[in-house]
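Thanks for coming, everyone. I'd like to walk you through one structure today, mostly its pockets and what lines them. Have a look at it first.

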Amino acid sequence: MQARQLRYDDVLIDIINDDYTILPLLSRFSIPLGLGNETIGDVCSRNGIDVKALLLILNYIRTGIIDSDTISVVSPLEVVKFLKNSHDYFISYKFTHIRKNLISALDLEPNATNSLILNFFDTFVKKVKEHFLYEERTVFPYISALVEDKDTNYRIETFQQHHEEVVGALAELKNIILRYYRTTVPNLMYDVLVDIYNCEEDLISHSDIENNLLIPMVYDLEKKSGK
């Protein structure tokens with residue numbers, strides 16, 4: 001059964017109880033806890049959040065449907081702000097959390113597989129950081145310049161053509177652990193696997209927001225600017 005579209009007057013805590021998977025998304029809008037019985041509109045108003053941007057992103061992730069009326073009035077800078085917060089979440093928290101738990105789940109006796117798994121994960125994180133850095137140094141400043149009608153030679157098509165998917169390595173890491181790794185602390189490793197699956201899904205959603213919300217918004221802005 002497909003999730004329904006969220007509205008301004010939905011009580012946020014009721015939505016969370018119905019679908020707790022939106023919690024990481026809410027954190028990237030910097031929504032503090034202590035929600036009481038406030039509606040989505042109330043929470044956004046109290047915290048200075050663009051409610052249209054929040055509903056656009058949450059409804060897209062929940063339903064896969066893009067609200068054409070809403071996307072036409074939301075600034076791409078609101079989506080950029082969300083994506084920047086997501087970058088910080090992955091780099092400052094999620095990857096560190098997974099690596100720490102991964103080390104705890106590996107057998108204490110040194111072996112080649114331990115090193116392989118850690119190196120694999122570290123290489124993946126390095127690649128993701130490079131991907132994020134390119135966006136923050138090149139793509140996001142271009143979007144800001146475009147919104148301010150400043151001249152630049154960059155085009156969003158360049159980003160779209162070279163927008164690499166970064167989640168493939170996580171699928172390989174899961175496969176190595178599931179198929180070949182034996183550990184004396186299986187409960188810990190199962191927890192790590194759940195984290196890796198969640199992280200993979202989260203990164204896919206992150207990429208979907210870029211591909212299906214941000215890039216079309218910027219194409220439309222370029223067209224209006226005659227670029």
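**Spaces and rings in a helical model**

Let me start inside: of all the elements, H10 gives the most to the lining of the largest cavity, namely 4 residues. Before I go further, a reminder that this is a predicted model.

So, the cavity. How many cavities of 30 Å³ or more does the structure hold? Just 1. The volume of the largest cavity is about 60 Å³. Two elements give two or more residues to the lining of the largest cavity, and those are helix H7 (112-147) and H10. If you want to click through the residues, the lining of the largest cavity is made of His131, Phe132, His163, Glu164, Glu165, Val166, Leu203, His206, Ser207 and Glu210. Sorted by class, that lining has 3 nonpolar, 4 polar and 3 charged residues.

Pick out His131 from that list. His131 sits in helix H7. Is His131 buried or exposed? With a relative accessible area of 13%, His131 falls under the 20% cut-off, so it is buried. What does His131 touch, leaving aside its neighbours within four places in sequence? Its contacts there are His163, Glu164, Val166 and Glu210. You'll recognise those four names from the cavity lining, where His163, Glu164, Val166 and Glu210 are also listed.

Okay, zooming out for a second. The chain has 10 helices and 0 strands. Reading along the sequence, you get α-α-α-α-α-α-α-α-α-α, which is as fun to say out loud as it looks. The C-alpha trace spans about 60 × 50 × 30 Å along its principal axes. There are 227 residues in the chain, and 43% of them count as buried. For the contact-map people: among contacts in the chain with a separation of 6 or more, 76% are between residues 24 or more positions apart. And for the surface people, the accessible surface comes to about 12500 Å², with 51% of that belonging to carbon and sulfur atoms.

Now the pockets. The largest pocket has a volume of about 490 Å³. There are 15 residues lining the largest pocket, and the closest to its centre are Thr21, Pro24, Asn198, Glu201 and Asp202. Where does the lining come from? Helix H2 (23-27), helix H4 (51-63), helix H6 (76-105) and helix H10 (186-225) each put in at least two residues. H10 again has the largest share, with 4 residues of the lining of the largest pocket. By class, you have 7 nonpolar, 3 polar and 5 charged residues around the largest pocket.

The second largest pocket holds about 170 Å³ of space. Its lining is Ile71, Ser72, Val74, Pro76, Pro216, Met217, Asp220, Leu221 and Lys224. Which element has the largest share of the lining of the second largest pocket? It's H10 once more, with 5 residues. The class split for the second largest pocket is 6 nonpolar, 1 polar and 2 charged residues.

Next, the rings. The structure holds 9 aromatic pairs. One of them is Phe29 with Phe82, a tilted pair at 5.0 Å centre to centre and 40 degrees between the planes. That pair links distant parts of the chain, since Phe29 is in the loop between H2 and helix H3 (40-47), while Phe82 is in helix H6, 53 residues apart. Are these two rings' residues buried or exposed? Phe29 counts as buried because its relative accessibility is 10%, and Phe82 is buried too, at a relative accessible area of 2%. Both values are under 20%, so both residues make the cut.

Besides that pair, there's an aromatic cluster formed by Tyr89, Phe90, Tyr93, Phe95, Phe121, Phe124 and Phe132. Phe132 is a name you've already heard, as it is also one of the residues lining the largest cavity.

Last stop, Asp42. Asp42 lies in helix H3. At 38% relative accessibility, Asp42 lands between the 20% and 50% cut-offs, so it counts as partly exposed. How far apart are Asp42 and Tyr8 in sequence and in space? They are 34 residues apart in sequence and 8.1 Å apart in space, C-alpha to C-alpha.

That's my tour, so over to you for questions.

Key:
Residues are numbered from 1 along each chain as its sequence is written. This is a predicted model: local features need pLDDT of at least 70, side-chain atom pairs count only at pLDDT 80 or more; totals for chains, interfaces and linings use all residues. Side-chain values use heavy atoms; hydrogens and water are left out. On a 1 Å grid over the protein atoms alone, a cavity is a set of points where a 1.4 Å probe fits but cannot get out, and a pocket is an open set with protein on both sides within 12 Å along at least five of seven lines; lining residues have an atom within 4 Å of a point. Grid points are joined across faces, edges and corners, and a volume is the space filled by probe spheres set on the points. Ala, Val, Leu, Ile, Met, Phe, Trp, Tyr, Cys and Pro count as nonpolar, Asp, Glu, Lys and Arg as charged, and the others, Gly among them, as polar. Buried means under 20% relative accessible area, exposed over 50%, partly exposed in between (1.4 Å probe, protein chains only). Contact means heavy atoms within 4.5 Å. Accessible areas come from the Shrake-Rupley method with a 1.4 Å probe; for residues, only the protein chains shown count as cover. Rings of Phe, Tyr and Trp (its six-membered ring) pair if their centres lie within 6.5 Å; planes under 30 degrees apart count as stacked, over 60 as edge-to-face and the rest as tilted.
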